[in-house]
Amino acid sequence: MKLYQIKEYSGKALKGRRAEAFMISLCIPAVIVFFRLAELCISSVILYFSSLTPMELFYGSEIWWTLSDFLFTILKIIMLSAVIPSVIKYFSGILEINLPEQKDTKLFGKNLTMNFIIKAISLIFLIPVIISGYISARLIIKGNGSSVFLTVHTLMLTIIFLALWIWALSGITALPFLIYRNPEKKILRLVSVSFRIMKNSRKGLFKIILFYISFCLIPFAFIYVLPEFFTSLTLYINICIKEAEYIGGKNLYSRNSESLDTAKISHRKKRRIKTASDKA
C-alpha cells in the first residue's frame with residue numbers, strides 16, 4: 001500500500017474513535033516521559049545538594065545517580081512490557097486485524113525479554129556514535145588547524161555509526177507485532193525474522209515516520225497526528241508481516257529460511273500479495 005492509502009485507511013478506521021485512540025496512543029510516550037521527568041528530578045536534587053557539575057553526572061562518578069538511572073531504566077522497561085501488547089491489541093482491533101488471543105502473563109514475559117534485547121541492541125550501536133561524536137566535539141572545540149583532517153573523519157564516522165544505529169532500530173520494528181502473533185516462538189528467532197521482514201520495508205517505515213513528524217511541527221497537531229501515526233504504523237507493519245508470511249510460507253520462522261527478496265517475485269505473485277495485504 002502507498003503512504004496515502006495507509007493514511008486514508010487509518011483515517012477511516014479512526015472515525016468516531018479519535019478521542020479514545022488518542023488516550024491509548026499516549027500510553028507509550030507517557031511512560032517514557034514520566035521516567036525522563038523522574039530522572040530530571042533526581043538529577044536536580046543531586047546537583048542541588050552536591051558540588052557536582054551537570055557534565056559530571058554523565059561520567060557516572062555519582063553512585064546515587066548511577067543507581068537511580070539504572071532503577072528507572074528497569075522500571076521503564078517493565079512498564080513498557082505491560083503497555084505495548086495492549087496498544088498493539090487496541091490498534092489492531094480498530095483496523096479489524098485478527099490476532100490470536102494470548103495470555104497476558106505470557107506476553108508480558110516475552111515483551112520484557114524483548115525490551116531488554118532492544119535496549120542492548122540500541123546500546124551496542126549507540127556507543128560508537130557517542131564515542132566518535134565526543135571525539136569530534138573535542139576536536140572542534142580545540143580548533144587546531146592540524147586536527148582538521150582527523151575532525152572530518154571522526155564526523156564521518158559519527159554519521160556512519162548513527163546510520164547503523166537507525167538501521168538496527170528500524171530492523172526490529174516488527175518484533176513487538178511478531179511476539180504478539182507468535183509468543184511460542186523463540187525471541188532470538190523472531191529478532192532475526194524482524195530484520196528480514198524490514199530488510200525491504202525500511203523505506204516505507206521512514207516515510208510514515210517523517211510524514212507524521214512534519215505534522216507535529218504545527219502546535220497541538222500531535223493530538224490529531226499521534227493516534228493516526230500508531231494506526232498507520234500498525235497497519236504497515238502487519239502488511240509487511242503478511243507479505244513475508246505469504247512469500248516465506250512455513251519456512252519464514254525456521255532456521256533454514258532464506259532471506260526475503262521481493263525483487264525476485266513475479267508481477268502476478270506481487271498482485272496476489274497486494275490483494276492479501278489489503279485484506280490484512
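Arg36 is partly exposed, with 46% relative accessible area. The model is a predicted one. Within it, the side chain of Arg36 meets that of Glu39 in a salt bridge, 3.0 Å from N to O. Glu39 is the buried partner, at 8% relative accessible area. Both residues belong to helix 3 (residues 27–49). They sit three residues apart, about one turn of the helix. The spacing has a simple logic. An α-helix has 3.6 residues a turn, so residues three or four places apart point the same way.

Helix 1 (residues 3–13) holds a pair with the other spacing. Glu8 and Lys12 lie four residues apart there, again about one turn. Their side chains form a salt bridge at 3.6 Å, N to O. Neither partner is buried, because the cut-off for that is under 20%. Glu8 is partly exposed at 43% relative accessible area. Lys12 is exposed, at 60% relative accessibility.

Now turn to a contact between helices. Arg18 forms a salt bridge with Glu228. Their closest N and O atoms are 2.7 Å apart. This pair links distant parts of the chain. Arg18 belongs to helix 2 (residues 18–25) and Glu228 to helix 11 (residues 222–248). In sequence, 210 residues separate them. What is the relative accessibility of Glu228? The value is 2%, so Glu228 counts as buried. Arg18, at 23% relative accessible area, is partly exposed.

Arg18 and Glu228 are not an isolated pair. Lys7 joins both of them in one network, built from salt bridges that share partners. In total, the structure holds four salt bridges. Among them are the Arg36 pair with Glu39, the Glu8 pair with Lys12 and the Arg18 pair with Glu228.

Helix 5 (residues 63–94) offers a check on geometry. It has 32 residues. How far apart should its ends be, at 1.5 Å a residue? The expected span is 46 Å, because the rise is counted over one less than the number of residues. The end C-alpha atoms of helix 5 are 46 Å apart, which agrees. After helix 5 comes Glu96, with a positive phi near 60°.

Terms used:
Residues numbered from 1 in each chain as written. Predicted model: local features only at pLDDT ≥ 70, side-chain atom pairs only at ≥ 80, totals over all residues. Heavy atoms only, no water. Helix = DSSP H or I, 4+ residues; strand = E, 2+ residues; numbered from the N terminus. Buried < 20%, exposed > 50% of the residue type's maximum accessible area, 1.4 Å probe, protein only.
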